[in-house]
Amino acid sequence: MPCLNDCSQVGICSFNDTCICSPCYIGNSCEINTNVIQFSLTFAMHWDIRQASLNSNFNTPGFIYTTIIALMLFMAVINNIVCLQTFLLQDIRLTNCGMLQIFYCISGLIAIVGMQLRMLTMLIFDELIQAYPYRYAACNIIPVIVILMGTVCMWLSSILIIEFVLLECFNLSLYRSRRFSVISSIICLLLTIGTHMHEIIARHPLPDPMHPDSYSCTFAYPLPLDIIDKILRVCHIIIPLGIQFIGSICILISITRRTLLVRDRYDYCQVFISEFIKRKHFFVPQLFIILSNLPHLILHLKDPCEDAPDIPLLRIHVAFNILVYLPPSMTFFIYIFPSKSYMHKFEKTFLGRLFKRIFQRNKEKKPYEWNQLIMIYRTKFITLVSHTKQTIKTNILC
């Protein structure tokens, strides 16, 4: 006997005329896809915020997500402005490394600003504005630009490690022509746009079946395009991470071998570790980027179905997705701070001189404040001891 409800391809008709849905699907006909992998980051947040609002007056997930994205925007603006001031100095911008780092800062800043903009539209305007042009921009344009710029940052960091390999292993000139950085960045941007174009075309702001007054940004692609999309998304993570890992190892091995040869040493492991610490400016960005992207990649490869009603898993998905955008928010700490030469250049910029003055004033004030604090507590201690002695003498006489 056929089901009264027409089950979709992911549902099985049961004996009592109801559809038994596969994981990540709900609804009378299993028509609602709840796989958060196919949600945009902001819609995954929105799902969590909406579920929390049904159970509590104070929306804790909404407050946490808004605070985190706002802090990331603040960090990204400060870090990238500081980095751009440093990288635009003549000695740095004349190199391929400097050009690639300038492009990285610009791409990262666009990604974080786009994420904050989409967060604001989701929280404020999504339920107020019903016009299709707005929904198309909020669902098809802004999130795709965020993903696209994040992917560009991944590839630029990979090209940067390739430049390090060329300098370290092949002894190319640091101040050679900047064609490599410009051409490779343009190719990277065009390939990234080409491999994300289907997201702009195929995404649809569909009405949310569970909440008719809302809609969902879904990745509902036809089967062949869905397979291609999954392959592209994995390649955009695995290939750059692989390049960065292999490039870092090649640089470290080259430095270690040269050190062993020049200093006539044979303790390979000890030299390997000491050179890694000594030349950390080569490896800190790559290590940080790999650690930021690896949890998200492992989660998606491990479990292709992440069911949105499973709130802990949904929040893990959101946290790992936000972690991917952490390196573009902390460019100063991964590119400038570990490098002594870059820190020296940074101190020559306007912001560098300003920060130096502030820290110098704090250093001058701290010894004075500390001595004052010591004198106050010393006086109090002496007074307490004197008072105790006087009390003991009085009790003895009595």
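User: Why is Asn 80 called buried?

Analyst: Happy to walk you through this predicted model. Asn 80 has a relative accessible area of 0%, and buried means under 20%, so Asn 80 meets the cut-off. You will find Asn 80 in helix α2, which covers residues 60-87.

User: What makes the pairing of the Asn 80 and Thr 331 side chains a polar contact?

Analyst: The two side chains are 3.3 Å apart in this contact. A polar contact needs a pair of N or O atoms within 3.5 Å, one able to donate a hydrogen and the other to accept it, so the value of 3.3 Å fits. Thr 331 is also one of the residues in contact with Asn 80 once neighbours within four places in sequence are left aside; the others are Cys 105, Leu 109 and Pro 328.

User: And Asn 35: how do you know whether to call Asn 35 buried or exposed?

Analyst: The same kind of test works here. Asn 35 has a relative accessible area of 9%, and the limit for buried is under 20%, so Asn 35 counts as buried. Asn 35 sits in the loop between β4 (32-33) and α1 (41-55). Its C-alpha atom is 5.1 Å from that of Glu 306, although their positions lie 271 residues apart along the chain, counted as a separation.

User: Which residues touch the most other members of the largest nonpolar core?

Analyst: They are Met 45, Phe 87, Ile 251 and Tyr 325, in a core of 65 residues. Helix α5 (residues 132-169) gives the most to this core, with 14 residues. As background, nonpolar side chains tend to be buried together in soluble globular proteins.

User: What is Tyr 325 in contact with, beyond its neighbours within four places in sequence?

Analyst: Tyr 325 is in contact with Met 72, Ala 111, Ile 112, Met 115, Val 146, Ile 147 and Gly 150. Both Tyr 325 and Gly 150 also belong to the lining of the largest cavity.

User: What makes that space a cavity, and what is the volume of the largest cavity?

Analyst: A cavity is a space where a 1.4 Å probe fits but cannot get out. The search of the whole structure finds 3 cavities of 30 Å³ or more, and the largest has a volume of about 70 Å³. Helices α5 and α9 (280-302) each give two or more residues to its lining, with α5 giving the most, 4 residues.

User: How is the lining of the largest cavity made up by class?

Analyst: The lining has 8 nonpolar, 3 polar and no charged residues. Among the lining residues are Tyr 104, Cys 153, Met 154, Ser 157 and Asn 293. Gly counts as polar, so Gly 150 falls in the polar class.

Technical notes. Residues numbered from 1 in each chain as written. Predicted model: local features only at pLDDT ≥ 70, side-chain atom pairs only at ≥ 80, totals over all residues. Heavy atoms only, no water. Core = buried A, V, L, I, M, F, W, Y, C linked by side-chain atoms within 4.5 Å. Buried < 20%, exposed > 50% of the residue type's maximum accessible area, 1.4 Å probe, protein only. Contact = heavy atoms within 4.5 Å. 1 Å grid on protein atoms, 1.4 Å probe; cavity = no way out; pocket = protein on both sides within 12 Å on 5 of 7 lines; lining within 4 Å. Points joined across faces, edges and corners; volume = space filled by probe spheres on them.
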